[in-house]
Protein chains: 4
Amino acid sequence: MTAALLPDRIDFDGPFPPQSRRLRLGIVGSGRIAAMQVTAARLSGRWDILAGALSSDPEKARPRDETWYLDPARCYASFDEMAKQEAALDDGVDAVMITTPNHLHYPAACAFLEQGIDVLCDKPLTNERSEADDLLARTRETGQVFGVSYVMSCSPRVRQARELVEKGTVGTINQIHVEFMQDWMTPAEVADADHVKWRLDPAKSGKTSCVGDIGTHAAHLARFVSGLALAELRADFHVCGAPKPLEDTAFMNLLFAEHVPGQSSGAAANQVPGTLMVTRLAPGNRGGLRLRIFGSRGGIAWDLEHCDQLKVSIWGQPDQLMTRGHGHGVSPATERLLHSARGFGEGILEAWANLYTEFALAVAARRDGISPPDDWLSFPQVSDGAQGVAFVDAAFRSHQAGGQWEAV
Amino acid sequence: MTAALLPDRIDFDGPFPPQSRRLRLGIVGSGRIAAMQVTAARLSGRWDILAGALSSDPEKARPRDETWYLDPARCYASFDEMAKQEAALDDGVDAVMITTPNHLHYPAACAFLEQGIDVLCDKPLTNERSEADDLLARTRETGQVFGVSYVMSCSPRVRQARELVEKGTVGTINQIHVEFMQDWMTPAEVADADHVKWRLDPAKSGKTSCVGDIGTHAAHLARFVSGLALAELRADFHVCGAPKPLEDTAFMNLLFAEHVPGQSSGAAANQVPGTLMVTRLAPGNRGGLRLRIFGSRGGIAWDLEHCDQLKVSIWGQPDQLMTRGHGHGVSPATERLLHSARGFGEGILEAWANLYTEFALAVAARRDGISPPDDWLSFPQVSDGAQGVAFVDAAFRSHQAGGQWEAV
Amino acid sequence: MTAALLPDRIDFDGPFPPQSRRLRLGIVGSGRIAAMQVTAARLSGRWDILAGALSSDPEKARPRDETWYLDPARCYASFDEMAKQEAALDDGVDAVMITTPNHLHYPAACAFLEQGIDVLCDKPLTNERSEADDLLARTRETGQVFGVSYVMSCSPRVRQARELVEKGTVGTINQIHVEFMQDWMTPAEVADADHVKWRLDPAKSGKTSCVGDIGTHAAHLARFVSGLALAELRADFHVCGAPKPLEDTAFMNLLFAEHVPGQSSGAAANQVPGTLMVTRLAPGNRGGLRLRIFGSRGGIAWDLEHCDQLKVSIWGQPDQLMTRGHGHGVSPATERLLHSARGFGEGILEAWANLYTEFALAVAARRDGISPPDDWLSFPQVSDGAQGVAFVDAAFRSHQAGGQWEAV
Amino acid sequence: MTAALLPDRIDFDGPFPPQSRRLRLGIVGSGRIAAMQVTAARLSGRWDILAGALSSDPEKARPRDETWYLDPARCYASFDEMAKQEAALDDGVDAVMITTPNHLHYPAACAFLEQGIDVLCDKPLTNERSEADDLLARTRETGQVFGVSYVMSCSPRVRQARELVEKGTVGTINQIHVEFMQDWMTPAEVADADHVKWRLDPAKSGKTSCVGDIGTHAAHLARFVSGLALAELRADFHVCGAPKPLEDTAFMNLLFAEHVPGQSSGAAANQVPGTLMVTRLAPGNRGGLRLRIFGSRGGIAWDLEHCDQLKVSIWGQPDQLMTRGHGHGVSPATERLLHSARGFGEGILEAWANLYTEFALAVAARRDGISPPDDWLSFPQVSDGAQGVAFVDAAFRSHQAGGQWEAV
């Protein structure tokens, strides 16, 4: 780690610079999301995946070890062991991804942070606000890099949307609508599947199931693109399919507020109303995360199911579609996130790869003692994770109280 | 009126029968909606438009008189005069359309009902529940035909959607989402336009503005397709654009219940949650009335902006698109509502024409003393109008009470 | 006919003016296309449909007579009889629509022209070029109004497309692609249906079947929007489905040329290449008439299956969608053709109604001795019909000659 | 290479098996397509990219060396040197990708084949038929693995399309239409860009420019999905934009024939007509490779611009959309090619990764002395490349001869 990872001279407005070597990544967890992230980390070109604590059950861990070509000597039975042993290696991992069930995010993250290893953690960040606050405090103190996987914010079209909103393309925002509709829980029997069970177990999933899982994605996306803070909400949780211990559906009303540091967010004059809906029982919707922002001059609409397309509507002009590749109004900061030759669409894996690229740059910059520019730090971080936990907490409180307004 | 209007022998499952003569229609009102309805009534082929009380201001009335080729002797200065004089004619109008500002719907409807003239009235039916109840009572007593212009329920794809739901294609419904998003109020100055002013004046528009106008469309559509009654709701009204005396935006949570006659609708076990959103400030949305119904087997989605298309998603199968014309899974009852040779798309005017066709058949049948089959009476009627008024009333009460649940 | 039909003072740039009375329309033919046109003529608000020669077989004619509420005294057994009798009436028809099988277009048109009655004729105009030339000569001599039903050119978005091309939005045109793909002949047995048989009979349909039927639509659309003349083509005809005496599919290469009066159109320097495809055996395509024009600055795309939408792509800018109603970049000349309140989509019937509106204005203007402005005469006329016949003729010659280039 | 690369027991119908180690890949070329392939090879998880002959100009090569983290000792100045040196290493590359300008494909491929190194080569395979035939002969003799980058055939939806056609979903094919429309050559000045110049230089690009580049993609896709051989074609080449030495646009008529080994392909009874269009001057089209196949029972449509979607239309049924992820009618062989958790769309990189996965399996299988099943060999190979060269040759001959029919 003595040689600089980033070049001496960086053009901060240009393409992202290469590193002097690939960074070393470890894996905690072995489910489908872990598999997608391994693929994405490789796609980014900036990481070698070298070590893992894939499962306490070696029978479960082995197939993944083999698929991912991990060094058997660096496949550990627990994250604690992994953290300690990797920290002791000269070429130990620079960072880990944590994709365990929710209740293990906090202890796993602590184990690695304590060893000086940077972390990219799945959402919701933790099941308790106090845990999230603690992670936030720790990283503030140490300066460690801590990413949280609100990956849609790394999609090129989402970045373009945020940039357009910031530039005033839609004028003053007056409404924000976001929904995440999936269909995979439609058959009653899916609740019994291994990879689903823990999501319905409050001891593992936390106070909520789909609110923490996909609701936090929706809330983050709305905040990220609008640039507004989520001030208050009220929520109704529902079990729409077969009976189950946690909600599979939730509808919320939101109030956003301009984020004025040092001031209460609830000032009526600035409040922007919105709605949020999440459900896993919406046949015809596979990954229907959809954001619409309306303002005094125009509106934007983005849909994860057509993630490479952004609709921009300016009052008095024809609707515009920004899509597929460079040029045609695509901004330089957006182009930096595109992988394919122009004209070819991109999917969700490419957004994941962007997260791993920006996370790598932040890890490399910290090691080089460089301050990266703000727009290199657009990827979701521990503070976003903590806001997500606060969102889950407020939604749960509101639901418990019959849907009354709660501050986030 | 002595000769039978409908043929002796009707094939009730076949195409709609012709009448022995065109029916005679009068117009009350002269705005854009009146113009669209005149066009649609002609498109239906079943009406001659002969008389009108277009405006108390002759300067306003004249251009319309001329465009619509009304007999100058049958252009009246008031609906009262029109009702009386037309009733006295041998060939007076069989029915009138009422498209005045909301507060005049009730007195105008009464004037014509009292003269034995059937009515097709714009929505919301009335500004007060008592008025709606009175109209319902009057027509129950007299058997007069009274349609209300929830015209989307006459779109062929909406009818097909209802039929599919009824047949169990989506299984047991567990969620209903409906929204009506328009953009026309985006520029602040539009509030001052002549055809808009009355919509923001509580004395004319009633307790609400967009809730009565487009919210009742949305609520009717959800009930019509799902076959479920709207039991309870809670509502937040917003003014998202320039300051104005009535809401331009509203978000609601809904609870539907299976309609079991003689039983309270709120039985928890049967309740189906849903959402409803309406706004006139959504740039990029022109006529965005969108319905989604999700059930245990599948889901359907319809969007007025692509009104000739119905998306049907059955769990485990590819999504289906039902569209443009006959065949390809289109039901006979839907085909009856199609105007164009197969392959050609249809718009909103054709749905209006279907309303005028079914209204004509009901008027003709009443005169012939025939009971039309239920599916000829699928067009929205005074009971639907009264439910719309109850919906507006409940939404207003809920908003006033800070968004608490109210029975509809 | 002595009173002026059009107002004294017309704002030629404004909305189309009303007439002092509805014009009187007669019908020759009784098939599906006739039914659609009757509906459209009524939709236009400018015509009363009063007389007809629907079928030489009274059993076939009666149901239509009744549906269309024709005066039984004005239902004739032949077009010859109809032409003579109507001409003798004080309130005889001002014009007729001709929707017979192709081989009767010419004699029927002649019968009415000779009696001073204006004509709107289905396409292809005639089966022989000499017949088309004769009709062109006759109307040039008499000044009679003669429309031909290339109805897509009356769709608002097609008009907008033409206007954009004319203004230079796409720059210099360098390619034109047009196709008309339908699926209705997919089942082999459909060839035996009554309304199909004549289309496969050379004695009635002419030298071609689908080339004359839908190919001429495609060719007209390409010429109309591009403003370029079709100079040369080469064609391959195919029978893709069950064996039949005439083609059900054809593929052509086209060369367009700037129309320079008095000069040969084939000057190489100005030639713009293109393609044309027509087939009735394309499952998944109902009314797939699609036009794409590419130029040095941008491109446009229009699809009849989504006829209320126009895609405009300018190099270096996001794609634009012009759709649904007024404003948002829609030109005044396009707005004049819209029927629905803003926000609501329109279908093919509305385009037909526009044809009947512009035809009515031309008929009225001729009777008033007024010269309507050029853009009132955008509807397809006998010269367009004659060009369509020349196109069919050239395509047939090319196919016969093994696909060699032929001048149109 | 002594240890087996593939597991002892393979479930040939199940997911693709892991290898015992990543294979070693070298790069010849350094352009945009090379960059995309490096990314894709990493995405596949089956390759380490270790060596390269990126450019004869070290200034051009270095940035790529660094971005791709190649070992400087294994960055060579020429492909000849690379082939020899890598072959001499114990851990030399197992295979190379060749992405040079077209005229170098042949000598580069020969250099590596001679050293026993497998090859994945860009298209068109060679500029001369004799060269393509030679490569085909060499690999037949040695059994070496030789892939060609017709990558769209590795898109999951294209595979599903092929499977549906094979199963008879569309019935007997009677038409095939394919086009590849791009817009990037719209601005005249782009012809002078470094990465474009060679594409317009006959000495490097060969007899054609866009026909060899994107035309061969289109032709391969049509053959791959239909399962039919391309028997004859006729072609017109055009220069639609600024003057240039090779075509930027071409339109072709095609005749396909059922591939009956040992029999002339041109037997009239079996011929299926089609069309092929390619252009780089189609504003609004970025990567518009579109295939439509129509048959006696139905049709399919696929568009690279929405590559994760397949439209399937069966006569008499609603259109179907197969999209995004597992289930819902997606076949097991298609699922094997999906990377993302269900519900998330995929782009072109994932198709490239599938090509690298299947290429890896073939390379590993050859080394293990295993015969992989046919459906592991669906990726495009040297025989497909040779057919592509024959297609280019026939198209050029036809164009030279004024568009006459030529056998492929």
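Is the crossing of α5(D) and α12(D) left-handed or right-handed? Keep that in mind while we get our bearings. What you have in front of you is a predicted model, so everything below is a reading of that prediction.

Let's go straight to the two helices in question. In chain D, helix α5 covers residues 129–142 and helix α12 covers residues 382–400; their axes come within 9 Å and cross at roughly 165°. Why quote an angle and a distance at all? Because two packed helices are described by the angle between their axes and the distance between the axes. Anything over 145 degrees counts as roughly antiparallel, so α5(D) and α12(D) are roughly antiparallel to each other. And the answer to the opening question is that α5(D) and α12(D) cross in a left-handed way. If you want to find the spot, look on α5(D) for D:Arg129, D:Ala132, D:Asp133, D:Leu135, D:Leu136 and D:Thr139, and on α12(D) for D:Val382, D:Ser383, D:Gly385, D:Ala386, D:Val389, D:Ala390 and D:Asp393. Sorted by class, the residues of this contact are 7 nonpolar, 3 polar and 3 charged.

Now hop over to chain B and look at its helices α5 (residues 129–142) and α12 (residues 382–400). Here the axes come within 9 Å and cross at roughly 165°, which makes α5(B) roughly antiparallel to α12(B). The crossing of α5(B) with α12(B) is left-handed. Among the residues that make the contact are B:Leu135 and B:Leu136 of α5(B), together with B:Val389 and B:Ala390 of α12(B). The class count for this contact in chain B is 7 nonpolar, 3 polar and 3 charged residues.

For a contrast in direction, try chain A. Helix α3 (residues 79–88) and helix α4 (residues 105–114) of chain A have axes 9 Å apart and pack at an angle of about 10°. An angle under 35 degrees counts as roughly parallel, so α3(A) is roughly parallel to α4(A). α3(A) passes α4(A) in a right-handed crossing. The meeting point has A:Phe79, A:Asp80 and A:Ala83 on the α3(A) side, and A:Ala108, A:Ala111 and A:Phe112 on the α4(A) side. Count the classes in this contact and you get 5 nonpolar, no polar and 1 charged residues.

Stay with chain A, but zoom out. How is chain A divided into domains? Domain 1 takes 23–152 + 355–377, while domain 2 takes 156–306 + 308–339 + 387–407. Each domain, then, is put together from separate stretches of the chain. The centres of domain 1 and domain 2 of chain A are 25 Å apart, taken over C-alpha atoms. Where these domains touch, 15 residues of domain 1 of chain A are in contact with 20 residues of domain 2 of chain A. The domain 1 side of that contact in chain A has 6 nonpolar, 5 polar and 4 charged residues.

Next, how do whole chains meet? Take chains D and A, where 34 residues of chain D are in contact with 34 residues of chain A. On the chain D side, the elements that give two or more residues are α1 (32–44), α2 (58–68) and α11 (348–368). Of the side of chain D that touches chain A, α1(D) provides the largest share, with 6 residues. By class, this side of chain D has 11 nonpolar, 11 polar and 12 charged residues.

Chains B and C also meet, with 34 residues of chain B in contact with 34 residues of chain C. On the chain B side, α1 (32–44), α2 (58–68) and α11 (348–368) each supply at least two residues. The largest share there, 6 residues, comes from α1(B).

One last thing to look at is how the copies are related. Two copies of a chain are related by a rotation about an axis and a shift along it. For chains B and C, a rotation of 180° with 0.0 Å of shift along its axis superposes chain B on chain C, with an RMSD of 0.0 Å. The two copies are thus related as by a two-fold rotation axis. On top of that, 100% of the interface residues of chain B are also interface residues in chain C, so the copies meet through the same surface. As for chain D, a turn of 180° and a shift of 0.0 Å along the axis lay it on chain A with an RMSD of 0.0 Å. The same surface serves both of these copies, as 100% of the contact residues of chain D recur in chain A.

Notes: Residues are numbered from 1 along each chain as its sequence is written. Chains are lettered from A and ligands numbered from 1 in the order in which they are written. This is a predicted model: local features need pLDDT of at least 70, side-chain atom pairs count only at pLDDT 80 or more; totals for chains, interfaces and linings use all residues. Domain bounds come from an automatic or database domain assignment. Two residues are in contact if their C-beta atoms, placed from the backbone, lie within 7 Å. Ala, Val, Leu, Ile, Met, Phe, Trp, Tyr, Cys and Pro count as nonpolar, Asp, Glu, Lys and Arg as charged, and the others, Gly among them, as polar. Axes are lines fitted to C-alpha atoms, for helices over the stretch in contact, and angles run from 0 to 180 degrees between N-to-C directions. Helices (H or I, at least four residues) and strands (E, at least two) are DSSP runs, numbered from the N terminus. Angles under 35 degrees count as roughly parallel, over 145 as roughly antiparallel, 65 to 115 as roughly perpendicular and the rest as oblique. A crossing is left-handed if the near helix is turned anticlockwise from the far one by less than a right angle, and right-handed if clockwise. Copies are superposed by least squares on the C-alpha atoms of residues with pLDDT of at least 70 in both.
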